[in-house]
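Q: I have a structure open and want to learn to read its features. Where do we begin?

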Amino acid sequence: MIKILLLLNFIVILTFANDIRNHTEESIEKLFGGDVEYEMIKFHIPADLKSSIENEVKQKFFADEIYIWKIKQGNNLKGYALLDNVYGKSMPITFLVIFDKELKIANSSIVKYREPYGGAVGNESWNAQFKGKNGNSNYNVGSDISAISGATISVHSVSKGVRKLALLLPKITDRIK
């Protein structure tokens with residue numbers, strides 16, 4: 001009986017991971033076109049860099065690793081997609097930020113929202129506020145990023161998460177060539 005439960009658990013986890021990967025790769029193709037190539041990397045964030053960014057943003061990374069897609073068209077770099085998680089009130093929120101080759105945000109989206117409330121952070125119009133921002137931009141909720149009634153925790157958490165990735169990417173591009 002335990003073997004069957006373990007097998008079912010493994011199948012559920014594998015299916016969930018494939019859904020997230022498929023969503024990410026569909027988002028990349030939607031933004032850059034279907035003729036791009038991409039390579040997924042599981043990137044370990046160096047401890048000193050991780051700590052520095054966490055102190056600046058006042059939010060911890062969800063894990064020591066993030067997933068990065070390096071996007072190319074032929075020999076030309078088109079951009080990067082970074083997938084990470086932040087905590088909402090109690091559950092992780094999986095989000096994707098796609099950067100252009102100048103390391104400006106080209107798109108962001110919520111890949112998986114697990115909380116019972118606050119799902120409005122998944123709206124395209126709310127996520128569009130991040131377009132064009134980079135690591136030097138302001139991400140203050142209420143002035144630079146719109147607040148959402150009933151989604152206060154999620155808004156703050158996702159905004160900080162996006163900023164963390166915008167700060168991280170310029171510091172690691174030489175390591176993911």
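A: With the lining of the second largest pocket. This is a predicted model. By class, that lining has 4 nonpolar, 8 polar and 3 charged residues.

Q: How many residues line the second largest pocket, and which lie nearest its centre?
A: There are 15 lining residues. Nearest the centre lie K30, N107, S108, S109 and E124. Find these on your screen to locate the pocket.

Q: What is the volume of the second largest pocket?
A: About 340 Å³.

Q: Which elements each supply at least two residues of that lining?
A: Helix α1, strand β5 (105-113) and helix α3 (124-127) each do so. Strand β5 gives the largest share, with 5 residues.

Q: Now the largest pocket. What is its volume, and which residues are closest to its centre?
A: The volume of the largest pocket is about 460 Å³. It has 20 lining residues, and A17, I20, Y67, L83 and N85 are the closest to its centre.

Q: Which elements each supply at least two residues of the lining of the largest pocket?
A: One helix, α1 (2-32), and the strands β1 (37-44), β2 (65-73), β3 (76-87) and β4 (92-100). Helix α1 gives the most, with 6 residues.

Q: How does the lining of the largest pocket split by class?
A: It has 12 nonpolar, 3 polar and 5 charged residues. Set that beside the second largest pocket, with its 4 nonpolar, 8 polar and 3 charged residues.

Q: Next, helices. How is a packed pair described?
A: Two values do it: the angle between the axes and the distance between the axes. Take helix α2 (residues 47-57) and helix α4 (residues 152-172). They pack at about 140 degrees, with axes 10 Å apart. The crossing of α2 past α4 is right-handed.

Q: Which residues of α2 and α4 meet?
A: From α2, they are L49, I53, E56 and V57. From α4, they are K160, R163, K164, L167, L168, K171 and I172. By class, this contact has 6 nonpolar, no polar and 5 charged residues.

Q: Last, a single residue. Where is T173 placed?
A: T173 sits in the segment after α4.

Q: Is T173 buried or exposed?
A: Check its relative accessibility against the cut-off: buried means under 20%. T173 has 19%, so it counts as buried.

Q: Which residues does T173 touch, not counting those up to four places away in sequence?
A: On that count, T173 touches Y80 and L103.

Note on methods
Residues are numbered from 1 along each chain as its sequence is written. This is a predicted model: local features need pLDDT of at least 70, side-chain atom pairs count only at pLDDT 80 or more; totals for chains, interfaces and linings use all residues. Side-chain values use heavy atoms; hydrogens and water are left out. Axes are lines fitted to C-alpha atoms, for helices over the stretch in contact, and angles run from 0 to 180 degrees between N-to-C directions. Helices (H or I, at least four residues) and strands (E, at least two) are DSSP runs, numbered from the N terminus. A crossing is left-handed if the near helix is turned anticlockwise from the far one by less than a right angle, and right-handed if clockwise. Contact means heavy atoms within 4.5 Å. Ala, Val, Leu, Ile, Met, Phe, Trp, Tyr, Cys and Pro count as nonpolar, Asp, Glu, Lys and Arg as charged, and the others, Gly among them, as polar. Buried means under 20% relative accessible area, exposed over 50%, partly exposed in between (1.4 Å probe, protein chains only). On a 1 Å grid over the protein atoms alone, a cavity is a set of points where a 1.4 Å probe fits but cannot get out, and a pocket is an open set with protein on both sides within 12 Å along at least five of seven lines; lining residues have an atom within 4 Å of a point. Grid points are joined across faces, edges and corners, and a volume is the space filled by probe spheres set on the points.
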